[in-house]
Amino acid sequence: MTFQQAPPTLGNQYEDDRVLRSYLARVFPGEVLSEIGPSLIEMGRLAGAELYQLQLADRLNEPKLTQWDAWGNRVDRIELTPLWQLAERIAAEHGLVATAYERKHGSLSRVHQCALAYLFTPSTDIYSCPLAMTDGAARTLLASGNQKLIERAVPHLITREPSEFWTAGQWMTELTGGSDVGLSETTAKQERDSEFRLYGRKWFTSAIASQIALTLARPEGNPPGGRGLALFYIETRDEHGRPRNIEINRLKDKLGTRKVPTAELTLNGTPAQLVMGTTDGVRNITPLLNITRLWNGISAVALMRRGLALAFDYAGKRVAFGSTLAEKALHMDTLLGLQAEAEAAFQLAFYVAELTGQNEAGEIGEDDAWLLRLLTPIMKLTTAKQAVAVTSEVLESFGGAGYVEDTGLPVLLRDSQVLPIWEGTTNVLALDTLRAIGTTESIAPLLSATTRLFESLHDPTLLDVARVVTAALNHAESWLREAQAADRSVLEAGARRFALTLGRATELALLIRQAQWSEDHEQDKRSGASARRFAQAGVDLITG
Ligand SMILES: Cc1cc2nc3c(=O)[nH]c(=O)nc-3n(C[C@H](O)[C@H](O)[C@H](O)COP(=O)(O)OP(=O)(O)OC[C@H]3O[C@@H](n4cnc5c(N)ncnc54)[C@H](O)[C@@H]3O)c2cc1C
């Protein structure tokens, strides 16, 4: 008889997710959880069934750019793949952006939205990219106070009606640099009042099929550097669907995110409107970056979760040396190490979602506002690195099958690899961490926050693990003091290790708090086991 290997399969991705369910049970009041439960069950079902099946079937399709029509007209039409077309409709109908703005459950609506995004993301091949920028554009326009643009665009960005739904792009990176955007060369010529025309080249513009974009350009006469740039709003196409003085030169040929149409553009007098002021564009676009960094973290934990859901399922099906992989101590030890990373990352990403929601609802205190500013870059850089490491190991856990494209597995690694690069690289965000600490010159508020997280601890093994957090943060604090007193290059050279240490220590602190709750309320010790495992994997990365 010929041997036939059973492939890994997915169930309802909400119902099967112990970590998500336990977290939501702790954070949401029971009646709110009952209210939002059906939306999560439905998204979990779609993600494990129709969307996942379409994702596998859509594997070889890619977005297509048609630059010219048959009669020689420049059209620069983008055709998205069937998966992305469906993803757009589902995203609108299920309120992937809207939920955070309808705010039916106050600040917790941001967490509800992130839970939906976490379920949706791994089955839609980075459709999270345009959604993140759409969410970020809505937040930025609302923060700008520009009533005309708010009334014009925001209702489209946050609607649940697919025919009305717009997505947004964020065009910052030029050939001169994505980190040092102050070097941007795009210029803005004023036509009248706040209406300008833009001239220049944008080097990475993802989700180019979007109806609007927020971008940076330098009004004529402005000084060089980031301060001289202004933030502009663009509607990308006219009423006939033709690009408005924008040429799409080509789509990037990328390692991953291949469903995302990422273009190189030339702006030839593109009509644009000032969003707020004629300077300080880099500062004014910050609300957008904070939101896309949150989405980056949610995507990182979502991709880790998908890889592990498949890997654990497969371990129960694959037989080697007389028993399933699930019965091999070493194989399961390997997967549980990855599970610990994913669980710790999950706690940090969703903690930042909670703080973001509180901030948006105007319910945040001074200390938590400082924590949000500090933890947004830290969360983004830490979870992105974990996603690359975990998805790489997930591929190995399938043996050769993990390296073969039509299993649908390699894309997990390729798509994860973008997470540390876009929305600020690891080094750039590590330096931003130093800026966030700023004048406080100390991480004392983070130490106090973790101490508060430990107030309800009584399991002695978790108390032991809590000491690992405190030791790592104390070490980070003393390193920071010494580095600040030394040459600036000492501080910069150690910034990545410092930021990752803060990230891992905060993840562990949050995981311990969740583990104690889960032991007390669910009689479940699995999060506690993950916390102990994570602590052993290394939290303090500071050398010297
Ligand atoms: C798939 C994809 C899609 C993208 N989509 C968009 C988009 O839609 N819109 C957009 O605006 N951009 C987009 N980007 C661009 C992305 O944001 C940039 O590539 C990124 O910010 C890095 O910029 P860069 O490529 O110019 O690298 P550089 O800025 O040249 O950086 C090169 C290296 O130098 C390091 N570095 C830079 N400065 C410092 C420093 N001071 N100290 C230490 N190290 C430093 C960086 O960490 C990096 O490792 C996309 C990128 C990719 C890969």
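## A walk through the model

Visitor: Does R414 count as buried, exposed or something in between, and which word fits?
Guide: The cut-offs settle this: buried means under 20% relative accessible area and exposed over 50%, with partly exposed in between (1.4 Å probe, protein chains only). R414 has a relative accessibility of 22%, so it counts as partly exposed.

Visitor: Before we go on, what kind of model is this?
Guide: Residues are numbered from 1 along each chain as its sequence is written, and side-chain values use heavy atoms, with hydrogens and water left out. Local features need pLDDT of at least 70, side-chain atom pairs count only at pLDDT 80 or more, and totals for chains, interfaces and linings use all residues; the model is predicted.

Visitor: Back to R414, then. How many Å separate its C-alpha atom from that of V388?
Guide: R414 has its place in helix 13, residues 410–416. (Helices are DSSP runs of H or I with at least four residues, strands are runs of E with at least two, and both are numbered from the N terminus.) Along the chain, R414 and V388 are 26 residues apart. From C-alpha to C-alpha, the separation is 8.4 Å.

Visitor: Let's turn to the ligand. How many residues surround it?
Guide: A residue is near the ligand if one of its heavy atoms lies within 4 Å of it. The closest are Q170, T173, G178, S179 and T425. By class, the shell has seven nonpolar, 11 polar and two charged residues (Ala, Val, Leu, Ile, Met, Phe, Trp, Tyr, Cys and Pro count as nonpolar, Asp, Glu, Lys and Arg as charged, and the others, Gly among them, as polar). The number surrounding the ligand is 20.

Visitor: Which helix supplies at least two residues of that shell?
Guide: Two strands do this as well: strand 3 (168–171) and strand 5 (195–205). The helix, residues 426–437, is helix 14.

Visitor: How far is a backbone N or O atom of G178 from an oxygen atom of the ligand?
Guide: Here we're after polar contacts, meaning pairs of N or O atoms within 3.5 Å; within protein, one must be able to donate a hydrogen and the other to accept it, and residues adjacent in sequence count only if both atoms are side-chain atoms. M172 has a backbone N or O atom 2.8 Å from a ligand oxygen, and a polar backbone atom of F204 lies 3.0 Å from a ligand nitrogen. For G178, the distance is 2.6 Å.

Visitor: What percentage of the ligand's exposed area does the protein bury?
Guide: Accessible areas come from the Shrake-Rupley method with a 1.4 Å probe; for residues, only the protein chains shown count as cover. Taken alone, the ligand exposes 970 Å², and the part buried by the protein is 65%.

Visitor: Which helix gives the most to the lining of the second largest pocket?
Guide: Helix 1 (18–27), helix 10 (286–315), helix 11 (329–360) and helix 19 (526–537) each supply at least two residues of this lining. The lining has 24 residues in total, and those nearest the pocket's centre are R18, V19, R305, F312 and Q339. By class, 11 are nonpolar, five polar and eight charged. With six residues, the top contributor is helix 10.

Visitor: Which residue has a backbone nitrogen 3.1 Å from a polar side-chain atom of T140?
Guide: T140 lies in helix 7 and is buried, with a relative accessible area of 0%. Its partner has its place in helix 10 and is also buried at 0%. The name is L288.

Visitor: What is the phi of F321, roughly?
Guide: Most residues other than glycine have a negative phi, and most peptide bonds are trans. F321 sits in the loop between strand 10 (319–320) and strand 11 (323–324), and it counts as exposed at 83% relative accessibility. Its phi is positive, near 50 degrees.

Visitor: And where does D125 lie?
Guide: D125 isn't a glycine either, and its phi is positive at about 45 degrees. At 9% relative accessibility, D125 counts as buried. Its place is the loop between helix 6 (108–120) and helix 7 (128–144).

Technical notes
On a 1 Å grid over the protein atoms alone, a cavity is a set of points where a 1.4 Å probe fits but cannot get out, and a pocket is an open set with protein on both sides within 12 Å along at least five of seven lines; lining residues have an atom within 4 Å of a point.
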